Amino acid sequence: MSRRKAKKQVFEQVEVIDAGAKGKTIAKAPDGKVIFLPNAVPGDVIDVQTFKKRKAYYEGKAIAFHQLSDKRTNPECEHFGTCGGCKWQNMAYEHQLFYKQKEVTNNLTRIGHIELPEVTPILGSSNQYFYRNKMEFSFSDSRWLTIEEVQSDEDLGDRNALGFHIPGMWDKILDLKKCHLQADPSNAIRNAVKRFAIENGLEFFNTRNQTGLLRTMMIRTSSTGDIMVLVQFFKEDTVKRALLLDFIADTFPQITSLQYVINGKANDTIYDQDVICYKGADHIFEEMEGLKFKINAKSFYQTNSDQAYELYKITRDFAKLTGSELVYDLYTGTGTIAQFVAKKASKVIGVESVPDAITAAKENAQLNNINNVEFYVGDMKQVFNDVFIETHGQPDVIITDPPRDGMHKDVVQQILNISPEKIVYVSCNSATQARDLALMDAMYKVTKTQAVDMFPQTFHVENVVLLEKQ
C-alpha cells in the first residue's frame with residue numbers, strides 16, 4: 001500500500017463519543033485508535049475520511065451523517081462553519097458546559113494527578129451571544145469565496161471584505177454580514193464603514209502585496225455605555241482618512257472615543273504604534289462594583305465583562321479575606337483583580353511584566369481612591385525574588401492569573417519557598433494549570449475548584465482553584 005493511500009481512509013458508521021481539546025470531537029476507529037474531528041457533535045453517527053495518520057490517532061472529518069446527535073442545536077450565525085470563531089454553535093449550551101467542565105476535571109486529574117474536592121459545577125454565562133466587549137475586524141481586497149462562488153460563472157463584483165481571518169489562511173478574510181459576538185452598534189458600525197469605504201473608493205488592504213489604505217478596525221464597548229472605535233490605516237492620506245473618520249463620527253454620535261493608527265509595518269499589531277485620538281477621549285471606562293477602570297486602545301481587559309465580574313467574585317470568595325491579609329497579585333495586568341480584592345485586604349502588591357499595564361493599574365487605583373495597593377513592573381521570575389519578599393513582606397495569600405503558558409517553574413518554586421497559607425490560581429488553560437498544581441502538590445491541597453465559562457460557543461474555559469497548605 002502506498003504511503004499516500006494509507007494516509008486517507010474512510011471509516012463508515014462511526015459514532016462520535018466525546019469532545020476533546022481545542023474544540024475537536026472524538027470518535028474511535030475500528031482499529032481502536034482515536035479520531036479527532038472538527039465538524040461533528042458527540043452523539044452523531046458519521047462516515048469519516050481521515051487526512052492524517054499518527055501512531056496513536058487519526059485526524060479526519062465527517063463526510064456523511066447517518067444520525068444526528070440530540071445534543072445538536074441550530075447555529076444562530078449564518079457564517080458558522082466558515083468562520084472559525086464559534087466552533088460549538090451547533091451544540092446546545094448545556095452540553096458545551098458539560099464538556100468544558102469535563103475537560104477541566106480531566107486535565108487536573110490526568111495531567112496534575114490532583115486529588116480533587118467535590119467539583120463545584122461550572123458557572124455558565126447569562127449571555128450566550130453578544131457577550132464580547134472587544135472585536136477586531138480586518139479589511140481585505142480579496143475576500144474569501146465560497147465553493148459555490150468559485151464554481152459560478154457570475155461576475156462576483158468587488159472582492160472587498162471587512163471581517164475575520166479564515167482559520168489557517170493569513171491573507172483571506174471572511175466578509176461578515178452579522179456577527180453574534182458583540183452587541184449593537186458593533187454590526188451597524190462595521191457594515192456602514194464597509195459600505196462608505198467602497199462608495200468612496202477607499203482601498204482595502206492587500207496582505208500579500210502590502211498595498212491599500214484600510215487595514216483593521218477595532219470596536220470596544222463597555223457596560224457604562226462607552227464605545228471606542230479605532231481604525232488602522234496602512235499609510236497616511238489626510239483627505240481619505242478625515243473623510244472616513246468624519247463619516248464614522250457623524251453617523252454614530254454615540255461613539256465616545258474615535259482613534260486611528262498609521263501603520264506601514266508588515267504586521268498589523270498596534271502595540272508598537274502611536275495611537276492618535278481623532279474625536280472624544282483616548283479611553284473608555286468599564287465599571288465593576290463602583291470601581292472604574294480606564295481602558296485605552298492597548299489595554300488588556302477581560303473580553304466578557306459580565307463573566308469577568310463573576311470570575312473576580314469567585315477569586316475573592318476563595319481567598320476568604322478578613323481585612324488583615326497581605327495579598328500578592330501575580331500577573332496583575334492592569335490591576336483589576338488587585339483593586340477588586342483591596343477593600344477586603346490589608347494591602348495588595350501587584351506584579352506584572354508589561355510597563356504600560358502597570359502605568360494603567362496605578363492610574364486606575366488613583367482614580368478609585370484605593371490607597372492600599374502597590375504595583376511593580378518586571379519579569380516575574382526575576383523580580384519576584386527573596387529581596388522583593390524582604391522589602392514588601394511575607395504574603396498571607398497569593399493570587400496568580402498567568403497567561404496561557406502558565407507559570408515559569410522558577411515562579412512556582414519561589415511561591416513554594418514563600419509558602420503562603422493560601423494560593424488562588426486563576427487560569428485560562430487548565431492543562432498548564434494542572435502542570436503547575438502538580439509541582440505544588442506535596443505542600444498544598446486543592447480544596448476548591450470552579451470552572452467559569454467566559455466564552456460561550458467556543459471551547460475556551462477558565463478555572464479557579466484554591467490551594468491551602470497541608
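This briefing walks through one pocket and a set of salt bridges in the structure above. The model is a predicted one, so please read the distances and areas below as computed from its atoms. The structure holds 19 salt bridges, and a few of them are described here one by one. The pocket comes first: it is the second largest, with a volume of about 650 Å³.

**The second largest pocket**

- The volume of this pocket comes to about 650 Å³, and 25 residues line it.
- If you want to find its centre on screen, look for Pro-38, Asn-39, Gly-81, Thr-82 and Cys-83, which are the lining residues closest to that point.
- By residue class, the lining of the second largest pocket is made up of 13 nonpolar, seven polar and five charged residues.

**Lys-102 and Asp-18: helix to strand**

- Lys-102 and Asp-18 form a salt bridge, with 3.0 Å between the closest N and O atoms.
- Lys-102 belongs to helix α2 (residues 93-111) and Asp-18 to strand β1 (residues 10-19), so this pair ties together parts that lie 84 residues apart in sequence.
- The partner from the helix, Lys-102, has a relative accessible area of 30% and is partly exposed.
- Asp-18 has a relative accessibility of 17% and counts as buried, because the cut-off for buried is under 20%.

**Lys-240 and Glu-203: helix to loop**

- A salt bridge also joins the side chains of Lys-240 and Glu-203, at 2.8 Å from N to O.
- Lys-240 sits in helix α5 (residues 238-251), while Glu-203 is in the loop between α4 (186-199) and β10 (214-221), so the salt bridge ties together parts that are 37 residues apart in sequence.
- Lys-240 counts as partly exposed, at 22% relative accessibility.
- Glu-203 is partly exposed as well, with a relative accessibility of 33%.

**Asp-379 and Lys-381, and a network**

- The side chains of Asp-379 and Lys-381 meet in a salt bridge at 3.2 Å, N to O.
- Asp-379 has a relative accessible area of 33%, which makes this residue partly exposed.
- Its partner Lys-381 counts as partly exposed at 37% relative accessibility.
- Elsewhere, Asp-171, Lys-172 and Arg-208 are joined into one network by salt bridges that share partners.

Key:
Residues are numbered from 1 along each chain as its sequence is written. This is a predicted model: local features need pLDDT of at least 70, side-chain atom pairs count only at pLDDT 80 or more; totals for chains, interfaces and linings use all residues. Side-chain values use heavy atoms; hydrogens and water are left out. On a 1 Å grid over the protein atoms alone, a cavity is a set of points where a 1.4 Å probe fits but cannot get out, and a pocket is an open set with protein on both sides within 12 Å along at least five of seven lines; lining residues have an atom within 4 Å of a point. Grid points are joined across faces, edges and corners, and a volume is the space filled by probe spheres set on the points. Ala, Val, Leu, Ile, Met, Phe, Trp, Tyr, Cys and Pro count as nonpolar, Asp, Glu, Lys and Arg as charged, and the others, Gly among them, as polar. A salt bridge is a side-chain nitrogen of Lys or Arg within 4 Å of a carboxyl oxygen of Asp or Glu. Helices (H or I, at least four residues) and strands (E, at least two) are DSSP runs, numbered from the N terminus. Buried means under 20% relative accessible area, exposed over 50%, partly exposed in between (1.4 Å probe, protein chains only).
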